[in-house]
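Reader: I would like to learn how to read the features of a model step by step, beginning with the overall fold and ending with single residues. Could we take each idea in general terms and then turn to the case at hand?

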Amino acid sequence: MKNTSILVNANEHVKKGEYEAYLSYLTEDTKWVFVGERTLLGKQAVRQYIKEFYLAPPVFDMEKAIEQGEFVTATGSIALKNVNGEYDHYIYCDIWRFDNGKIAELKAFVIEKKP
């Protein structure tokens, strides 16, 4: 569960709004694919994404994590504050790939929860 622990530790920084500390867990050439939406290439692109979408630290809960080799699959829920000051709620299934203890890739399946 080594990579799962790394992911949990990294996410603690996100919860506290410590985004630069979080980014230190990523490889420089990290690749994030939000299926059906966008692809981010490199740590700088992730930094820009955080600035744009994390108007406040997100509130999230990782329900399950399954680790196999260099991959961790995680499911859970996340709430992001929008420009109106309200939270939008989502459920996710993320597949993370690690390289030498750093986050190298994410494939994220994110679905908005409807009231």
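What follows is a conversation about the fold, the core, the ring pairs, the salt bridges and two single residues.

Reader: Before we begin, what kind of model is this, and how are its residues numbered?

Author: This is a predicted model, in which local features need pLDDT of at least 70 and side-chain atom pairs count only at pLDDT 80 or more, whereas totals for chains, interfaces and linings use all residues. Residues are numbered from 1 along each chain as its sequence is written, and side-chain values use heavy atoms, with hydrogens and water left out.

Reader: How many helices and strands are there in the protein chain?

Author: Helices (H or I, at least four residues) and strands (E, at least two) are taken as DSSP runs and numbered from the N terminus. The protein chain has 3 helices and 6 strands, and from the N terminus on their order is α-α-β-β-α-β-β-β-β. The radius of gyration, taken over C-alpha atoms, is compared with a globule rule of 2.2 Å times the number of residues to the power 0.38. For the protein chain the radius is 13 Å, close to the 13 Å that the rule gives for 115 residues, so the chain is as compact as a globular protein of that length. Along the principal axes, its C-alpha atoms fill a box of roughly 40 × 30 × 25 Å.

Reader: Which residues have the most contacts inside the largest nonpolar core?

Author: Two terms come first: buried means under 20% relative accessible area, exposed over 50%, and partly exposed in between, with a 1.4 Å probe and protein chains only. A nonpolar core is a set of buried Ala, Val, Leu, Ile, Met, Phe, Trp, Tyr and Cys residues joined through side-chain atoms within 4.5 Å. Here the largest such core has 27 residues, and those with the most contacts inside it are Tyr22, Trp32, Trp96 and Ile103. The elements giving two or more residues to this core are α1, α2 (19-23), β1, α3, β4 (71-81), β5 (87-99) and β6 (102-112). If contact is taken as heavy atoms within 4.5 Å, Tyr22 touches, among residues beyond four places away in sequence, Ala10, Asn11, His13, Val14, Trp32, Ile50, Trp96 and Ile103.

Reader: How should I read the aromatic pairs, and what is their count?

Author: A pair of aromatic rings is described by the distance of the centres and the angle of the planes. Rings of Phe, Tyr and Trp (its six-membered ring) pair if their centres lie within 6.5 Å, and planes under 30 degrees apart count as stacked, over 60 as edge-to-face and the rest as tilted. The count comes to 7 aromatic pairs. In one of them, Trp32 and Phe34 have ring centres 6.3 Å apart and planes at 65 degrees, so this pair is edge-to-face. For Phe34 and Tyr49 the centres are 5.0 Å apart and the planes at 20 degrees, so that pair is stacked. Because Phe34 lies in strand β1 (residues 26-34) and Tyr49 in helix α3 (residues 43-53), the stacked pair ties together parts that are 15 residues apart in sequence. Ring pairs also link Tyr19, Tyr22, Trp32, Phe34, Tyr49, Phe53, Tyr54 and Trp96 into a cluster.

Reader: Turning to charges, which residue forms a salt bridge with Glu20?

Author: Side chains of opposite charge can pair when their charged atoms come close. A salt bridge is a side-chain nitrogen of Lys or Arg within 4 Å of a carboxyl oxygen of Asp or Glu, and by this rule there are 6 salt bridges. Glu20 forms one with Arg47, the closest N and O atoms being 2.8 Å apart. Since Glu20 lies in helix α2 and Arg47 in helix α3, the pair ties together parts that are 27 residues apart in sequence. Glu20 is partly exposed, with a relative accessible area of 49%, whereas Arg47 is buried, at 19%. Another salt bridge joins Glu112 and Lys114, with 3.7 Å between the closest N and O atoms.

Reader: To finish with single residues, is Asn3 buried or exposed, and is Ile111 buried or exposed?

Author: Asn3, found in helix α1 (residues 2-15), counts as buried because its relative accessibility is 7%. Beyond its neighbours within four places in sequence, Asn3 is in contact with Glu67, Gly69, Glu70, Val72 and Phe98. Ile111, placed in strand β6, counts as exposed because its relative accessibility is 53%. Leaving out residues up to four places away in sequence, Ile111 touches His89, Tyr90 and Ile91.
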